[in-house]
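Colleague: Could you walk me through one part of this chain up close? I'd like to see how a residue tucked away inside compares with one out on the surface.

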Amino acid sequence: MTTADTASTAAAPQQSAAVRMAGRQVTALVVLLTSTFMMAADFSVLNVALPKVGVSLGFSTGNLQWITTTFALCAAGCTLVFGRVGDYVGRRRVFIVGMVVLAASSLLGGIASSPGMLLTARTLQGLATAAVLPSALALLTTAFTDPALRTRALGLNSVMMSSGFSVGAVLGGVLTDLFSWRWAFFINIPVAVAAMLLVPVVVPESRAEARSRIDLPGAVLITLGLFATVYGVTRIGEDGLDAVAAVATFGGLVLLALFWVVESRTAEALVPVRILKKPEVAYGNLGALFIFSGETALIFFTGLYVQNVLGLSPLAGGLVLLGIGVGQIIAGTVGPRILQRVDPRTFLGISLALQGAFMIPTVFAGDQSWWLAPLVATQFVNGFFSMTAALSFMVIATSSVDTDMQGMATGMATQSQQVSAAIGIPLVSTVFVAVIGTGAVSTAEELHGIQVAVALVAVVQIVVGTLLWAVLRRKGAEQR
């Protein structure tokens, strides 16, 4: 499929006759989606169990956040590079290597007896995620060439990615309560082994037809730039703006600027600047930053609200988030049908704005338990539109790029999700901390901080969604 073909598909979806997946395609889809879900769930599966992990292994309270941050840094920093490597050496090969690393790191994490062992395991899990997610997505986009089937597969993939973040917290709570926090690691092993055995049988290898050397300067600059930026932003959210956070953030942004300069002058660039200048790619990935950072922030502050304001258990807090998960699942089912009739460039902005609009009821939630019912109902709708926004973004980001560069396109799309998920909570937490202060606070003060933080996210998503709708709608009109 050429760029022109796929771009026209994104711009004006065709109502083609229903196409059925072959049996082998169904099996491939199940294996790849299960792997995607597990990798997404790994991001948040230990969040509920962090206090127990700290007591078990001797983490100090201040160092507990590194269990999540280490994973996020590696996943966000290396995704694009591994996606491009898949274009060169084979996406299935990179996928399988990532699963081998996942199985080994999960075993190491499950038997960890010290903070160093656990952080090593989380580092390797982050690298495995960076390898598996873009490879799995690229294998989907190249295996399903029919526009309707591809959109359906991308919809299901978006469900697994987005719901994995929220369901991971619930899964972690259940495993920790019933067994031990170590099972949050062990549960990955059978999934990884099954994927290693099945993928070579049911998923054909996929790589770029034109082979070229890997752009090492670009790979180093984008990886170090993202590492530094994500680390700096995370540190600001957790400890405030200090010299280390400022230097890391500023240095990361400088490295990313250098990456742009180097890529514009490199014949065989890791990410050709002409791709970055495509409105669909640029604005789509920009939209992704707000879709996923906003959703992870909402999930985080909902957990604080349910536990610290209403006084419910961590498991109950996880169950409340199922409203978002159910909304995402339903949207992932009907979303592809909507995008057969509606231009995804138009639907991206609309969905993002509505995602923000249905955060607003959380702003008014009080400290009475009856607020749970309207909260779950509105977050169900919020989850629906966050998924249609994510699906629109994914269709735009992958359909406007040639098949030879699908690893790069899916790597960039996945990296946008990983980066936004990593920095969403720290960024919004700076507002939360600014409102409540750093000392002891009352329940009413914490509730006020949550309301202000969620209100900010809602307003930003409404504004950005409206602007994206206006810009992409005009771009689409100019191309027709």
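Modeller: Of the chain's 480 residues, 56% count as buried. Keep in mind that this is a predicted model. The chain has 20 helices and zero strands, so helices are what you'll be following here, going by how runs are assigned. As for contacts between residues at least 6 apart in sequence, 85% of them join residues at least 24 apart.

Let's zoom in on Ser-135, which sits in helix H6, running over residues 115-143. Is Ser-135 buried or exposed? Its relative accessibility is 2%, so Ser-135 counts as buried, because the cut-off for that is under 20%. And what does Ser-135 touch, once you skip residues up to four places away in sequence? You'll find Arg-91, Val-94 and Phe-95 there.

Now hop over to Phe-179, in the loop between helix H7 (147-178) and helix H8 (183-186). Phe-179 has a relative accessible area of 57%, so this one is exposed, because exposed means over 50%. Phe-179 also belongs to a nonpolar surface patch of about 430 Å², which it makes with Val-174, Leu-178 and Trp-183.

For the wider view, look at the outside of the whole chain. Its accessible surface comes to about 18300 Å², and carbon and sulfur atoms account for 70% of that. So, to put your two residues side by side: Ser-135 in the chain counts as buried, whereas Phe-179 is exposed.

Definitions and conventions: Residues numbered from 1 in each chain as written. Predicted model: local features only at pLDDT ≥ 70, side-chain atom pairs only at ≥ 80, totals over all residues. Heavy atoms only, no water. Helix = DSSP H or I, 4+ residues; strand = E, 2+ residues; numbered from the N terminus. Buried < 20%, exposed > 50% of the residue type's maximum accessible area, 1.4 Å probe, protein only. Contact = heavy atoms within 4.5 Å. Areas by Shrake-Rupley, 256 points an atom, 1.4 Å probe, with all protein chains shown as cover. Patch = residues over 30% accessible without salt bridge, like charges linked within 9 Å, V, L, I, M, F, W, Y side chains within 5 Å. Salt bridge = Lys/Arg side-chain N within 4 Å of Asp/Glu carboxyl O.
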